[in-house]
Every structure is written in C-alpha cells, then in structure tokens.
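Please read what follows with the structure open beside the text. The walk begins at a single side-chain contact and moves outward from there.

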Amino acid sequence: QWYVDNDVYNVEKYPQIQEAAQLLQQGEVIGFPTETVYGLGADATNTEAVEKIFIAKGRPSDNPLIVHIASTEQLTHITKNVPSVAKELMEAFWPGPLTLVLEKKGGVSEKVTAGLSTVAVRMPDHPIALALIKEANLPIAAPSANRSGKPSPTLAKHVHDDLKGRIAGLVDGGATGVGVESTVVDCTVEPIVILRPGGVTKEQLEEVAGEVEVDPALLNEVEAPRSPGMKYTHYAPDAPLTIVQGSESFMQQLVDRAKREGKKVGVLTTEEKCASYNADVVLSCGKRDDLSTVAAHLYDALRTFDERNVDVIYSEEFPTEGIGSAVMNRLLKASGHRFISEN
Ligand code: TXA
Ligand code: MG
C-alpha cells in the first residue's frame, strides 16, 4: 500500500503514481481516490484487465463501468455524436462528479460497456486521479472500489478492508470529499435523464441544460418506499437498516424495543440530534442543515456500524433536495427499501 498525500499534480515528486500507472499499463487493477469515492481502475481498452475488475469486486459483468478520462481529447476516441447539451455540461461540471452516457464509438473494451451501444464517461476532479490517468495515458474503467453490495469506499482503509490481496495496488489519497458517487446522466435522449443521483444535483444540471428528467425507476423508489418485496440491497452494511420517518421519541421507542429483544442497536443521525438518542452505537454522519456533510460521511458511518457489530440500524430520513436526493437514494438501497413510519 502506498501513501500519497492529497496535494499532488506532479508525478516526478510522487513516484507512487508512476508505479501505479505502469501497473495499469501492464493490465493490473489499482485502487485510487477520486473526489466522489475510491475507484478500482483498469485499462479500459484491455478486456483481460477489465475482467479483473469484475473478479476483484465480485460484480456481475452485465453492469457496465464508467470510463475515466483526464482530457476531452481522450473523449474523441471513445464517443461519437456528442450533443451540444453534453458539451455544455462538460464545460460546466468537468472535472467533477458528473458521468455522461453518450454514444459509443469503440476505443474501449466491450466488457466495459456490457455490450451496450452507449458508454458512460467522466473526468474526476481529483489531482491523484487526473495525474494517474495522464501518466498511464489510457482511458481508465473504474467502478467504486468496494466488494459488490458493500458501501462504497471513501477512505483507502475501506478499499484495503474489502480488496486486500485481490488488487495490484492502492493509492491512498485520504478521504475522498463528496462521499457519494457521481451523478449519471443519459445524454443520448432529449431531454437528458438522470439515471443515478449523485454529486452534481438536479438543480445544478437544470441551470445548464434547462429541462432535466429523472429516470422513472428512481421516482418509484421514492414514492413507493413501503412496498415490501423490493428486497435487493446495495451499498449495504451487514446489519439490517431501517429508515425511520417520525419524531425522535418514535425513533427512541424503536430502539428500546430492539434492546428489549436483546439486540445491539445502532442509530444513524446528525450532529443536531446526536445527544437525543440512547442506543448502543449512535453515529452522526454530518450536519442536517448541510447535507453535503452527510453525503461525505454516510458510507463511513455504515461501515462503522459493521465494525461495531450492531444487530440492527435505524436511520433518520433526509430531505430529497440538492445532494439529499443522492443521500436518500443510497439509504433506500442500503435499507432494501425498509421504512418504518410513525403515522
Ligand atoms: O463516482 C463515481 O461514479 C465512481 C467513481 C469511482 O468514479 N464510480 C462508480 O462506478 O460509482 P460504479 O460502477 O459503481 O457505477 C457506475 C454506474 C452504474 O450505475 C452503471 O449501471 C452506470 O454507471 N452505467 C455505466 N455505463 C452505463 C451506460 N452505458 N448506460 C447507463 N448506465 C451506465
Ligand atoms: Mg458502485
């Protein structure tokens, strides 16, 4: 495991980046920081290298990967018929937490795109990621660097915990920053459609693109949270997570009941209410009045509950404005859509 501090553009000063870039060129997989979460990178043009990502993560290979680039010049080899709205979005948000789905030209392995005619691309806003991609001089396919189903990694330690022994190297750049993944936007349709809420908000996209739609599948998630049966979890801690809609005293009643059943109980809350709950493990993931802090610490909090071996987790609900929609999307997935409501 290498250590590289976060304040770096300069490959000469940081030979670790050069070493990591060489491993990428040799078809190995590397963990590296981005501004959203840690990525698990491989040469996007090399099918065998890309296959190693799926093996290391334990990820089904029908889920396509994001291609990371460090210059728009790289884009010309990968995509075609880029619409003007996509160019405006790049101008406004790259480098940054925005992934654009565009028509694929070739130039990356079929394994990256899972056989689709489109490709997802982004330019990460992180000095190490940019230096690594430039030094490797390759488009880098990278999903989040967690074992499939686990919360995404926001610290190098999380990558190490999940993938130790399964990857060729890990560049440690400290905490990632945004904390939730990039926003994925389909630019092959008009108006553009948000496929995954993330670091760039719908409101920010609308300022540039005008009309922005949201994938109906996402809206169903929010509107029908109580529907049982939607059983699949993702970004999930080991202990079952339930989102609680209601007052602090309602939350405390749920905690007390679980404790009476002999369970070790975790509560996910914010600084404002941290002192209000009496549970085995009470974790604050940030400030409710600044949801970007909640996004930044959410995954680490979910992983900490596992480390502390709680049996059940109750989480507060968050407003779905701005970055809050990404936070609630991840909490919904982590909970397998398990809600309890006071009313
Ligand atoms: O912030 C991020 O995006 C992080 C960092 C490492 O860059 N990466 C990330 O990758 O979250 P991953 O593989 O965990 O998520 C990629 C998402 C998936 O939801 C995938 O289905 C979608 O992007 N995706 C990839 N290619 C696509 C395509 N051609 N069309 C539609 N969705 C696509
Ligand atoms: Mg992921």
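**From one contact outward**

In this predicted model, the side chains of Arg122 and Thr34 are joined by a polar contact of 3.1 Å. Arg122 belongs to strand β7, which runs over residues 118-122, and its relative accessible area is 2%, so with the limit for burial set at under 20% Arg122 counts as buried.

From Arg122 the path leads to His68, because His68 touches Arg122 when residues up to four places away in sequence are left out of the count, the criterion for a contact being heavy atoms within 4.5 Å. The other residues that His68 touches on this count are Pro124, Ile133, Leu138, Pro139, Ile140 and Ala142. His68 itself lies in strand β4, residues 66-68, and with a relative accessibility of 4% it is likewise counted as buried. Its side chain also reaches back to the backbone oxygen of Ile66, at a distance of 3.2 Å.

Both of these residues appear in a database record as well. The unreviewed UniProt entry carries the annotation "binding site" for Thr36, His68, Thr118, Arg122, Ala142 and Ser182. These positions are spread over 147 residues of sequence, and they are spread in space too, with up to 22.6 Å between C-alpha atoms. Thr36, His68, Thr118, Arg122, Ala142 and Ser182 from this set nevertheless belong to the lining of the largest pocket.

Which residues are closest to ligand 1? Of the 24 residues that surround ligand 1, the closest are Thr36, Arg59, Asn63, His68 and Ser182. Distances between individual polar atoms add detail to this picture: a polar side-chain atom of Ser182 lies 2.5 Å from an oxygen atom of ligand 1, and a polar side-chain atom of Arg196 is placed 2.9 Å from an oxygen atom of ligand 1. For Thr118, the partner is a nitrogen atom of ligand 1, which lies 3.0 Å from a polar side-chain atom of that residue.

Thr36 leads on to Gly179, since Gly179 is in contact with Glu35, Thr36, Val37, Thr154, Ala295, Ala296 and Tyr299, its neighbours within four places in sequence being set aside, where contact again means heavy atoms within 4.5 Å. Gly179 is found in the loop between β9 and β10 (183-186), and its relative accessible area of 0% makes it buried. The C-alpha atoms of Gly179 and Leu298 are separated by 7.3 Å, although these positions lie 119 residues apart along the chain.

Strand β9 also takes part in the surroundings of helix α7, whose buried residues pack against β3 (39-43), α2 (47-57), β9 (169-172) and α11 (291-307). Within α7, which covers residues 156-163, the buried residues are Ala156, His158, Val159, Asp162 and Leu163. Viewed down the axis of α7, these buried residues fall within an arc of 155°, and therefore they line one face of the helix. The general background is that an α-helix has 3.6 residues a turn, so that residues three or four places apart point the same way. Just after α7, Gly165 adopts a positive phi of about 85°.

A last stop is Gln245, whose place is in strand β13, residues 241-245. Gln245 counts as buried at 14% relative accessibility, and its side chain makes a polar contact of 2.8 Å with the side chain of Glu317.

Definitions and conventions: Residues numbered from 1 in each chain as written. Chains lettered and ligands numbered in written order. Predicted model: local features only at pLDDT ≥ 70, side-chain atom pairs only at ≥ 80, totals over all residues. Heavy atoms only, no water. Buried < 20%, exposed > 50% of the residue type's maximum accessible area, 1.4 Å probe, protein only. Helix = DSSP H or I, 4+ residues; strand = E, 2+ residues; numbered from the N terminus. Arc of directions from axis to C-beta. UniProt positions renumbered as here; feature names shortened; annotations may be inferred. 1 Å grid on protein atoms, 1.4 Å probe; cavity = no way out; pocket = protein on both sides within 12 Å on 5 of 7 lines; lining within 4 Å. Polar contact = N/O pair within 3.5 Å; in protein donor to acceptor, adjacent residues only side chain to side chain. Near = heavy atom within 4 Å.
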